[in-house]
Protein chains: 2
Amino acid sequence: MNEHADGGRPNRSAKPADEGFQGRRTTTLSDVARLAGVSIATASKALNGRAQVRAETRAKVMAAAEQLSFSPNGLARSLLTGRSGTVGLVTHDLEGRFSIPTLMGAEDAFGSGKVSVLLCDARGDAIREQHHIQALLGRRVDGLIIVGARPDPRPSLGNLPVPVVYAYAPSENPQDCSLVSDNVGGGRLAVEHLVACGRSRIAIISGDSSYGAANDRVAGALDALDEAGLLLVGGQALFGAWTEEWGRGATRGLLAKHPDIDAILCGSDQIARGCLDALREAGRDVPGDVAVMGHDNWEILASNARPPLTSIDMNLEELGRRAAARLFEAIEGHPAHGVETIPCRLALRSSTAS
Amino acid sequence: MNEHADGGRPNRSAKPADEGFQGRRTTTLSDVARLAGVSIATASKALNGRAQVRAETRAKVMAAAEQLSFSPNGLARSLLTGRSGTVGLVTHDLEGRFSIPTLMGAEDAFGSGKVSVLLCDARGDAIREQHHIQALLGRRVDGLIIVGARPDPRPSLGNLPVPVVYAYAPSENPQDCSLVSDNVGGGRLAVEHLVACGRSRIAIISGDSSYGAANDRVAGALDALDEAGLLLVGGQALFGAWTEEWGRGATRGLLAKHPDIDAILCGSDQIARGCLDALREAGRDVPGDVAVMGHDNWEILASNARPPLTSIDMNLEELGRRAAARLFEAIEGHPAHGVETIPCRLALRSSTAS
DNA sequence: TTGTAGGCGTTATCAA
DNA sequence: TTGATAACGCCTACAA
């Protein structure tokens with residue numbers, strides 16, 4: 001046992017000076033035990049609230065721990081328990097706006113408790129993803145959440161030594177546990193709202209048709225139109241890009257062909273912003289003449305629009321929270337399978353006031 | 001030594017069945033050693049490329065490791081080395097857009113190597129921050145990066161057992177290591193660009209004056225105006241809010257009082273969007289009659305503006321990367337002190353074409 | 001009520 | 001070239 005004369009000073013008798021950060025050696029349980037004049041085992045019991053410790057002794061130990069600002073080494077503890085209290089979160093779209101709320105929800109669900117999140121950005125690259133996953137497994141994460149960049153199915157990671165939950169982009173393997181936004185329901189919700197606002201000549205300006213989400217939203221909208229006994233103006237949804245530019249152009253085209261239109265459902269808030277601009281420039285009043293809706297409820301775009309934009313919110317934070325919850329359950333031995341769908345909600349603003 | 005009859009089957013002789021995730025016990029170095037028919041020590045050396053191992057033996061061990069898909073337990077390793085290979089990243093603005101690029105840069109700088117990032121969102125709450133920091137220290141992170149929500153100085157965390165770097169929002173203590181965006185330089189850069197475009201009747205619509213950033217940007221702009229021998233139109237910068245609405249209103253006011261204005265420097269891209277709208281509606285051509293600049297280079301706003309918006313980019317990813325680098329150096333024993341300033345760069349688009 | 005001892009999975013030292 | 005063995009910091013039987 002080292003016999004270093006203590007006293008709170010930086011002490012580097014044993015180790016060489018290439019140690020890096022020159023803080024004092026972090027205090028360990030045996031430091032506490034020594035200061036309290038008890039054995040390590042007793043100190044451990046005292047600090048962990050075990051019953052077989054005299055109150056007086058416990059107090060002594062707690063005081064010593066306090067004095068040394070002792071913080072138990074989680075790594076050592078993990079080694080014992082086999083649980084690191086850590087989950088890996090691999091995102092593919094850290095710069096994008098969809099993964100962030102999901103991440104927040106997950107962070108939220110875990111953060112309160114005793115789980116920490118190890119974040120990695122794989123940037124849509126399968127190689128990088130694999131690399132990160134290996135690193136995370138090496139750190140003995142208790143589970144993984146994989147957040148996709150876009151809501152289309154992605155390859156499964158297969159059998160890993162820890163549970164995996166896919167968020168936003170589902171796994172192709174239905175045995176895996178995935179959580180996604182209910183795009184069909186979102187489209188339906190939008191049309192139902194427009195109908196409830198008394199609109200009946202509705203057109204749809206969607207986004208990039210290569211996105212499953214674009215098609216799903218349209219499908220839901222068509223369902224709802226059908227149920228309301230309405231026909232889509234123009235006969236079919238317009239597909240283009242997720243840009244304001246496309247929104248403007250498509251809107252101008254619509255107005256030219258169908259001047260009697262009274263509502264436009266857009267595939268995203270960006271498209272809707274373009275749509276609003278084009279309408280204003282064509283002298284149409286929103287929502288007086290034409291109601292407009294977006295999708296995503298991207299606050300910065302929706303609230304600053306003129307008029308503020310009614311939109312469909314995907315509840316991504318809730319999605320993240322649920323993903324965290326599912327992962328937690330799986331870690332506890334109760335894995336879920338299949339795709340779970342998170343319902344959208346209406347974010348009501350002035351562009352559709354009825 | 002345990003004498004359990006092995007065979008790759010889930011083996012839970014010792015531990016009860018409340019274990020949670022029902023994967024097979026993760027394979028350990030001793031499994032590899034046994035399969036390869038060598039001692040644990042030899043297996044370790046073989047896998048870590050130590051020299052004192054016969055090639056044939058090494059191959060045998062590697063094969064065994066491969067077959068068992070062995071992945072060394074990083075926790076055990078950390079316990080030995082005293083380094084967790086982990087840093088904590090505490091952000092205060094996970095939903096906001098400023099912390100994300102910083103986070104990305106840090107993730108980027110670390111992610112390539114062998115450091116992983118533990119992410120926490122403290123949401124501007126000092127209590128929550130303290131809580132997260134304690135948790136991170138318990139996990140024995142090798143260092144901390146604290147990312148602020150807004151660029152004003154924040155209280156120092158004081159003396160922690162690991163190095164700390166403050167990003168975006170500097171610490172109040174000049175002894176700490178902080179990295180911030182050069183807002184003064186950004187303001188200067190903007191005016192220099194406008195002047196280079198031949199503008200001389202320049203006005204400034206800034207944001208919330210309670211933000212140091214707002215004032216710094218204006219200060220830099222005024223410096224540059226002065227050096228160019230120009231006077232600010234209106235005599236002083238206009239402060240308001242970071243919104244499109246404020247941008248529109250302020251622009252209308254400017255046009256009324258100073259119809260001969262030929263450039264407007266905005267404190268943010270949102271303000272600039274409002275400014276552009278107001279100009280268009282007033283029949284002013286951009287950049288023909290009036291040049292407009294924003295700040296932040298928020299892609300989604302700047303590129304979709306009409307015309308696309310020239311803006312000042314804060315290089316936040318670079319800021320994050322640098323923060324990671326500084327932290328790394330500090331961990332290696334070479335801490336930096338004081339506030340390091342990251343220069344802005346010009347993001348040239350059509351709203352100022354000269 | 002307290003202390004001793006064993007072990008979690010690795011790595012490093014030193015002896016064989 | 002290989003293999004015991006002692007750490008790393010902690011927890012938990014079990015013994016005192």
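A salt bridge is a side-chain nitrogen of Lys or Arg within 4 Å of a carboxyl oxygen of Asp or Glu, and the structure holds 54 of them over all chains. This is a predicted model, in which local features need pLDDT of at least 70 and side-chain atom pairs count only at pLDDT 80 or more, while totals for chains, interfaces and linings use all residues. Residues are numbered from 1 along each chain as its sequence is written, chains are lettered from A and ligands numbered from 1 in the order in which they are written, and side-chain values use heavy atoms, with hydrogens and water left out.

**Exercise 1.** Find the salt bridge between A:Arg321 and A:Asp108, and state which helices hold the two residues.

*Solution.* Begin with the side chains of A:Arg321 and A:Asp108, which meet in a salt bridge at 3.1 Å, N to O. Next, place the partners: A:Arg321 is in helix H12 of chain A and A:Asp108 in helix H5 of chain A, so that the pair, 213 residues apart, links distant parts of the chain. Helices here (H or I, at least four residues) and strands (E, at least two) are DSSP runs, numbered from the N terminus.

**Exercise 2.** Describe the interface between chain A and chain B by its contacts, its area and its salt bridges.

*Solution.* Taking contact as heavy atoms within 4.5 Å, one finds 65 residues of chain A in contact with 64 residues of chain B. The buried area, that is, the accessible area (1.4 Å probe) that two parts lose on being put together, summed over both, is about 5,100 Å², and carbon and sulfur atoms give 50% of it. Of the area that chain A buries against chain B, A:Phe21, A:Leu75 and A:Arg140 supply 14%, more than any other three residues. Ten salt bridges are counted between the two chains; A:Asp277 forms a salt bridge with B:Arg306, where the closest N and O atoms are 3.3 Å apart.

**Exercise 3.** Work out how chain A and chain B are related, and what lies at the axis.

*Solution.* Superpose the copies by least squares on the C-alpha atoms of residues with pLDDT of at least 70 in both: a rotation of 180 degrees, with 0.0 Å of shift along its axis, brings chain A onto chain B with an RMSD of 0.1 Å. That is the relation of a two-fold axis. In chain A, the C-alpha nearest the axis belongs to A:Leu118, at 2.2 Å from it. The same surface serves both copies, since 97% of the contact residues of chain A recur in chain B. Turn then to the strands: S2(A) and strand S2 (residues 116-121) of chain B pair in the antiparallel sense over three bridges, where pairing requires that DSSP finds at least two bridges between two strands. Within this pairing, A:Val117 stands opposite B:Leu119 in S2(B).

**Exercise 4.** Locate the cis peptide bond of chain A and the residue A:Asp296 with its positive phi.

*Solution.* Most residues other than glycine have a negative phi, and most peptide bonds are trans. A cis peptide bond joins A:Val286 and A:Pro287, with omega about 5 degrees, and A:Pro287 lies in the loop between H10 and strand S8 (291-295) of chain A. Phi of A:Asp296 is near 115 degrees, a positive value in a residue other than glycine, and A:Asp296 is found in the loop between S8 and H11 of chain A.
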